[in-house]
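Dear colleague,

I am handing over the structure we spoke of, and my notes on it follow below. Please read them with the coordinates open beside you.

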Amino acid sequence: MSIYGWKGKILRVDLTRGKIVEEDFSEDLRLNYIGGRIAANKILLDEVDPRVDPLGPDNKLIFATGPLTGTGVPAGGRFIAVSKSPLTGAIANPCCGGYFGANLKYAGYDCLIIEGQSPEPVYLTIVNDQVTIKPAKNLWGKWATETENAIRAELSDSMDPWGRNTPSVLHIGPAGENLVSFASIMSDGGRALGRSGLGAVMGSKNLKAIAVKGTEEIRIADVKGFQRAVIDFMGEARQTGQLENRSKWGTWILIGRAQKTGTLCSLNFQEGDFDGFKPYEDPATIRDKIRVRDEGCFGCPFRCGKRSTIFDPAYPGTAKGPEHETVGLFGANCGVADLDDIWRANYLCNELGMDTITGGATISCAMELYERGYLNEKTIGYPLKFGNGKAIVELLKKTAFRDGFGDQLANGGYAMAEWAGHPEFFMGVKKQGFPAWHPQGRFPGLEVIGLQYATSTVGACHTKSVMTFHSKSDDPAPLVAWTKHYQDYVSIVDAGVMCWIIYHGPVWEEKPSEWLELVTGVSYPQDRLMMIGEKNWNMERMFNLAAGLSSADDGLPPRMLTEAPPRGGRIVDLPPMLEEYHRIRGWDNQGVPKPEKLEELGLSELKVKVQ
């Protein structure tokens, strides 16, 4: 059988034994799990006990591309990492852009599985079918840019004598080495597998980096049809203004929307807007102040990434971002309006290898605890009032190296607040902090954000469904149906692997089906895709239940359920929404998938047991 889109191979690296093998990316994985997030989840469930220690050698780290990765599908150059999270104890599957996914496909692999634990620091190089485990003692302790530059310099001769083929380097910083629970895996000058702490999983395996460069082609089933579809898509993107808006403003345009709707995190989610951010409601204010250039991921014409800088000799060079989430969490949520301080926090997280969302959520929680008298200056080392941007910068350094109070912050916001005796002031779900979108917006329909956070399998996350700003009804049922539908749909986007920002629905909801058939030659009608997406969501739920999570972990902080923001906002009435959610998902009242639902989805033989 000819294979189009996929490469048909898995690369498995056992760091304990130093063993490297190639395996088939099976027909079952291709046809019934597609790739990316869904195929990697299937591998995780088949091979990893959900009760495993996330930082132990038996946990696995799976990097997966999709059949659309590297093909030239607009905004189709991404990849997924799947593992068990050290932050949440739940399944983790962050998505990343840049060039690593395309290079892994061009090297000949749909999937890379890292297992075991190296006795010494190492890094991995993949040059087509030449795969090597190399010592990395000289790289251990290096920050992001220095690590990338060192590896590229070392590989430049072997890659191409003219220096044209630059490898993509995936790596961890000091935070991952020191097992910070929200350490990121960084790539390509500031791209990040940011959420859920998989940088710590990589650090626990003593794996500093993975460098990959490939030159193989990817076969497309219907070349002419694919070319026409790309031309049509780009025409539509120009006509609707999507191309221009994404390229010019990136995610900075979202700040104004969040301010107006009361969905901007502020002062540890005590408020839904922030007076200090009024100038940033016009994204030109940020663009004019810090932007250096626009950047795009592989195969993406939208170029929504922004490279930026400030005039500070202590922080030379440029940084990727800061994106809307970072600006919100380190800015308004910490009471900081100074864009330079927000930029410094973003720079440090990128260089040290930490998730900016969790970092901001953790420090803002500490700020509220300090202002309420539950933390003191002696414990922290200096005053930690809202608005202290300089303290944020110092705390991020201490967190990455687990120095002083930074050792508490390194365990994440929930653990830090619990240590301080007041976990109720941690704003998150399943021990993962809220993104920048406040779930208590001012208008009907915005409370669906709270439902999406509560039911997300990875902990609070804004990229596992599609938020609606369109509802004008107080009836929760349509919001619940919307959430379930787009949780399943985004699973398909992440299987492709496509960019959630571009294909976030409902505008281009039919595109995954079209792209998949043109590229792979396999027919994926919309109803079949949605069934596969629903299967994925149930697989993730079953992993979490077997790992020891329960419906009790699907809650929101008490503040979200009982106190509306003083300047306007709505209490999230979660219980009836959860009840309806369980019903339409085919789960019992404890959130456990019913046997008939698992049979319907072909999951009756799922190799996990609910605790």
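In this predicted model, the axes of helices α19 and α21 come within 7 Å and cross at roughly 95°, which makes α19 roughly perpendicular to α21. On the α19 side the residues that meet α21 are K484, H485, Q487, D488, Y489, S491 and I492, and their counterparts in α21 are L529, M530, I532, G533, E534, N536 and W537. By character, the residues of this contact divide into 6 nonpolar, 5 polar and 3 charged.

Both of these helices also take part in the surroundings of α20, which covers residues 511-520. The buried residues of α20 pack against α19 (476-496) and α21 (526-547), and against α7 (223-239) as well. Because 8 of the 10 residues of α20 are buried, this helix is largely enclosed by the rest of the structure; the buried ones are K511, P512, S513, W515, L516, L518, V519 and T520. After α20 comes G521, which has a positive phi, near 80°.

Turning to the strands, I would start with β7, residues 111-115, where 5 of the 5 residues are buried, so that this strand too is largely enclosed by the rest of the structure. In a regular strand the side chains alternate between the two faces of the sheet. In β7 both faces are covered, with C111, I113 and E115 buried on one side and L112 and I114 buried on the other. Strand β1 (residues 9-14) pairs with β7 in the parallel sense over 5 bridges, and within that pairing L11 stands opposite L112. Strand β3 (residues 61-64), by contrast, pairs with β7 in the antiparallel sense over 4 bridges, with L61 opposite I114.

Elsewhere, 6 strands form an open sheet in the order β9-β8-β13-β10-β11-β12, and the pairing in this sheet is mixed. At its edges stand β9 (130-135) and β12 (191-193), each of which has a single partner strand, so one side of each is left without a neighbour in the sheet. From one strand to the next the twist averages 20°. The partner of β12 in the order is β11 (residues 185-187), and these two strands run antiparallel and are joined by 3 bridges; I185 has L193 in β12 as its bridge partner.

A further open sheet has 3 strands in the order β14-β15-β16, with antiparallel pairing. Its edge strands are β14 and β16 (319-320), each pairing on one side only. Between β14 and β15 (residues 305-308) there are 4 bridges, and the bridge partner of R291 in β15 is S308.

One residue of this sheet deserves a separate look, namely E295, which is placed in strand β14 (residues 291-295). With a relative accessible area of 14%, E295 falls under the 20% cut-off and is therefore buried. The side chain of E295 makes a polar contact of 2.8 Å with the side chain of R307. If its neighbours within four places in sequence are left aside, E295 is in contact with R191, R303, C304, G305, R307 and K320.

With best regards

How values were computed
Residues numbered from 1 in each chain as written. Predicted model: local features only at pLDDT ≥ 70, side-chain atom pairs only at ≥ 80, totals over all residues. Heavy atoms only, no water. Buried < 20%, exposed > 50% of the residue type's maximum accessible area, 1.4 Å probe, protein only. Contact = heavy atoms within 4.5 Å. Polar contact = N/O pair within 3.5 Å; in protein donor to acceptor, adjacent residues only side chain to side chain. Pairing = 2+ DSSP bridges. Axes fitted to C-alpha atoms, helices over the stretch in contact; angles between N-to-C directions. Parallel < 35°, antiparallel > 145°, perpendicular 65-115°, else oblique. Nonpolar A, V, L, I, M, F, W, Y, C, P; charged D, E, K, R; others polar.
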